[in-house]
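Please set out how the domains, chains and nonpolar cores of this model meet. The discussion proceeds by question and answer.

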Amino acid sequence: MNTAVFVVGMGAISGIGNNVAECLAALTNGGMGIDKIKHLPTNHSELLPSAEVKLSNYDLSVISGLSPSISRTAMLSMIAAQEAWDDADIKHIPGLRTGFVSASTAGGIDKTENFAVDFLTDTRKGKLRDVINHDSGSITNIVADKLGIKHHISTVSTACSSSANAIIYGARLIKHNIVDVVVAGGTDSLNRFTLNGFNTLMVLDEQLCKPFDENRKGLNLGEGAGYLVLTSARVVSLLKKAPYCALSGYFNANDAYHQTSTSPNGDGPYRAMSGALAAAGLQPEDIDYINLHGTGTQNNDISEGAAIERLFQSHYPKMSSTKSFTGHTLGASAGIEAVFSTLAIQHGVVFSNLRLQKPMTAFSFAPETVLSRSPDIRNVLSNSIGFGGNCSSLVFSKV
Amino acid sequence: MKAYISSAITISPQKTFKNPLFLDEVEVYTDNRLTCIEPDYSEAIDPRLIRRMSRIIKMSVASALACLKEAAVAIPDAIVTGTAYGCLEDTSVFLSNMIEYSEEPITPTAFVQSTHNTIGAQVALLIKCRQYNNTFVSGGASFENALLDAMMLLAENDNSNVLVGGMDEITDMSHIVLSRMGLYKRKPASNLDLFKTASKGTINGEGAAFFLLANKPSSRDLACVDAVTTFYKPTDITETANYIKTFLTTRAINCSDIDLLITGNNGDTKNDEIYAQIQTSVLADIPSVNYKHLCGEYPTSTAFAVWLGSNIIKNNAIPDALNFKPISKSKINKVLIYNHYQNTYHSLILLSSC
Amino acid sequence: MDKLIADLKEQIAAQLKIKNIEPSDIGDDEPLFGDNLGLDSLDVLELIVLLKQNYKLKVSNAEDGPKVFQSVRTMAEFITANQTQNV
């Protein structure tokens, strides 16, 4: 059961790029994706900056090969999962049992919103095709069918840590010899339900978000999808190219403090990070870069920061929140950030934390304000923290 | 890897909660919507904490807490839930408010509670369970994935236990929408007659069921979960039959070893044809019962089936509610649950006496 | 003021779905966020919407919440002060 799990493919689409190469280019040249809302019809388009994928539903349907009437969540998932699957270049190997584990917080609700407008006036109204893929599981099925994957299909939904848990579950399916290969990650599209939901919580910054800044005002939402292809050492030996890195450790813990806020001392994030380090057999000083959850809300950054201070003490690694580029992509965020963590190892690069002017005074560390390169990024820790106290950390290691 | 079921609790359209009798009487429904029989929650949940909880959250949290109490476990090592639709009522409430108020500021509680992992999170919060917490929303395989996750956790961690649950609720909106999709019978008769006439459509159901699974036996175990597997969109009946055959042969199980088959027949002609074909081929000559006349059809109904199967094993008796013809075997040792939800997700769950 | 306080108690109990306590049993000066009522940060947001929908008053910053929502009386005082200003 202690089979190592390797990353052999990756795919991402976000507000900063429609594929991994574009995302990497934006991350390295400071190309930020947060702007006025252009594609989602909402009253908040001028007021709440968000990081939309810079493509209309029609454009996405052309690229994904899905019908334009399908949920945007499915199209984003399709594009990133296909990229990851092609990148792995693995399907020519006969007899592999392949799984698809996808995560989403809101599934096809972007279409349900349209349905509900008509339905609420008359329950006989509303196009059924707009509500048939409401549940996140249906979105996963659409993409699995198009990828031609059917051995194990699964959908995870644990709020903002969803796709970290999808990656963990996918890795465990490999370790338990249930599948040989798994495409794992998550997807979410910007929609009115979520945008208004976060707005009622008064956690959206009306300016550009400033994660881990003393004067941070909240988060900006984003959208996108990110997937890894994971497999075992046995399958890696059959591949033409070397794996990008290993998923060397992971851990999920619950903060059990409040439904929507994390404890000020960061108990949950602390246990997720220390559990993931222990699983990887690493010490805090072995970590070279932390891809922070770093949403930019008062609560998240205090809680996550407190946990980092406790765990790393004087051995602070470099760290940054790439949500300052992509916004908070919710159920997709850990998938996208798993791709970014892999890129950090592959290219020996630590991304910057944009717009950080005054680091939080509560802590004796500060995220990176400029991009840096180091050939030896060996271990990267990626954090995700969601509603319901759901905290997950992943560790990626150079092989 | 065996998982010991040390307690099983369900709130369902039958009188199953806090009822020492095992389906001794059947609740009759003449509509195509079966509704859970809910208890008085004031004993089960602190009234100050219950105020934000929608129906599915109350049913689930009450079942989960009762399940832990029954198993004499204060804090489990993990909580895993499966729900296809999640907290639908809260979703509808927030969506309707948002549309009604044209995106003007509205109250956040329904949004917060609509998150799919709310139930697992609420249970964790109530009992201060800081361990692993996961939620699957895999349509008709949501509960099966939760169960598989639990089984993997038990294999990974010595001497541990997992609280695992499956739940879905019917809301007025979902019932209308799913009815418009043609899922339910136009002219429903009594749920007791669900399998008597061949017609299109089934009856809508709901429920919440929780189990405390452990990797070590205890004196209170009802049964064991030996295995769970799912398969997805088989191209034809041969692929389905082959999958089931492989499931049995890799575990060295003959049909004659299985004392009872619980099938997911739901009264819809097209849906039930698959079971008929399987029961005349790969699962031939196994005594079988149906369960969806008791709980209705919904994506996580297999959680009810596991509750049913484990109680059948524990009591070594099949309640009359299942219309079962008596069999010669004196001991029910192995029960196989075979279900498919709209021929998309199929699942096999094997239970045995401990 | 007494009428406003009584109205507010009814509205708070309904909005926050407080079922175990009669609205009239909420003390005028009783801390809303004490152990008795068991309210939390999410309730602050609910009360902000209550003030907006019922009294057309805006508490623009969630951090101002604790001051305004100390008790039913401080809420009533906030409403009285701000509505008068508007006239």
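The exchange below begins with conventions and then turns to domains, helices, cores and chains.

Author: This is a predicted model, in which local features need pLDDT of at least 70, side-chain atom pairs count only at pLDDT 80 or more, and totals for chains, interfaces and linings use all residues. Residues are numbered from 1 along each chain as its sequence is written, while chains are lettered from A and ligands numbered from 1 in the order in which they are written.

Reader: Which element gives the largest share of the side of domain 1 of chain A that touches domain 2 of chain A?

Author: Chain A is assigned domain 1 (5-236) and domain 2 (245-397), with bounds from an automatic or database domain assignment. In their contact (C-beta atoms, placed from the backbone, within 7 Å), 63 residues of domain 1 of chain A and 58 residues of domain 2 of chain A take part. Elements giving two or more residues to the domain 1 side include strand E1 (5-14), helix H1 (20-29) and helix H6 (162-175) of chain A; helices (H or I, at least four residues) and strands (E, at least two) are DSSP runs, numbered from the N terminus. The largest share, seven residues, comes from H6(A).

Reader: How is H6(A) oriented to H12(A)?

Author: Ser163(A), Ala164(A) and Ile167(A) of H6(A) meet Ser333(A), Ala334(A), Gly335(A) and Ala338(A) of H12(A). The axes of H6(A) and helix H12 (residues 333-347) of chain A come within 5 Å and cross at roughly 65°; axes are lines fitted to C-alpha atoms, for helices over the stretch in contact, with angles from 0 to 180 degrees between N-to-C directions. Angles under 35 degrees count as roughly parallel, over 145 as roughly antiparallel, 65 to 115 as roughly perpendicular and the rest as oblique. H6(A) is therefore, relative to H12(A), roughly perpendicular.

Reader: Which helix gives the most to the largest nonpolar core?

Author: A nonpolar core is a set of buried Ala, Val, Leu, Ile, Met, Phe, Trp, Tyr and Cys residues joined through C-beta atoms within 7 Å, where buried means that 20 or more other C-beta atoms lie within 10 Å of the residue's own, C-beta atoms being placed from the backbone. The largest such core has 226 residues, and Leu228(A), Leu230(A), Ala150(B) and Leu213(B) have the most contacts inside it. Beyond its neighbours within four places in sequence, Leu228(A) is in contact with residues including Val7(A), Ile167(A) and Ala338(A). The helix giving the most to this core, ten residues, is H3(A) (72-88).

Reader: What is the distance between the C-alpha centres of domain 1 and domain 2 of chain B?

Author: Chain B is divided into domain 1 (3-214) and domain 2 (223-352). Their contact joins 46 residues of domain 1 of chain B to 37 residues of domain 2 of chain B, and H6(B) supplies the largest share of the domain 1 side, six residues. The distance between the C-alpha centres of these domains is 21 Å.

Reader: How many charged residues has the side of chain A that touches chain B?

Author: In the contact between the chains, 48 residues of chain A meet 48 residues of chain B. On the chain A side, the largest share, five residues, comes from H7(A). Ala, Val, Leu, Ile, Met, Phe, Trp, Tyr, Cys and Pro count as nonpolar, Asp, Glu, Lys and Arg as charged, and the others, Gly among them, as polar. By these classes, that side has 15 nonpolar and 26 polar residues, and its charged residues number seven.

Methods
Two residues are in contact if their C-beta atoms, placed from the backbone, lie within 7 Å. A residue is buried if 20 or more other C-beta atoms lie within 10 Å of its own, exposed if 12 or fewer, and partly exposed in between; C-beta atoms are placed from the backbone.
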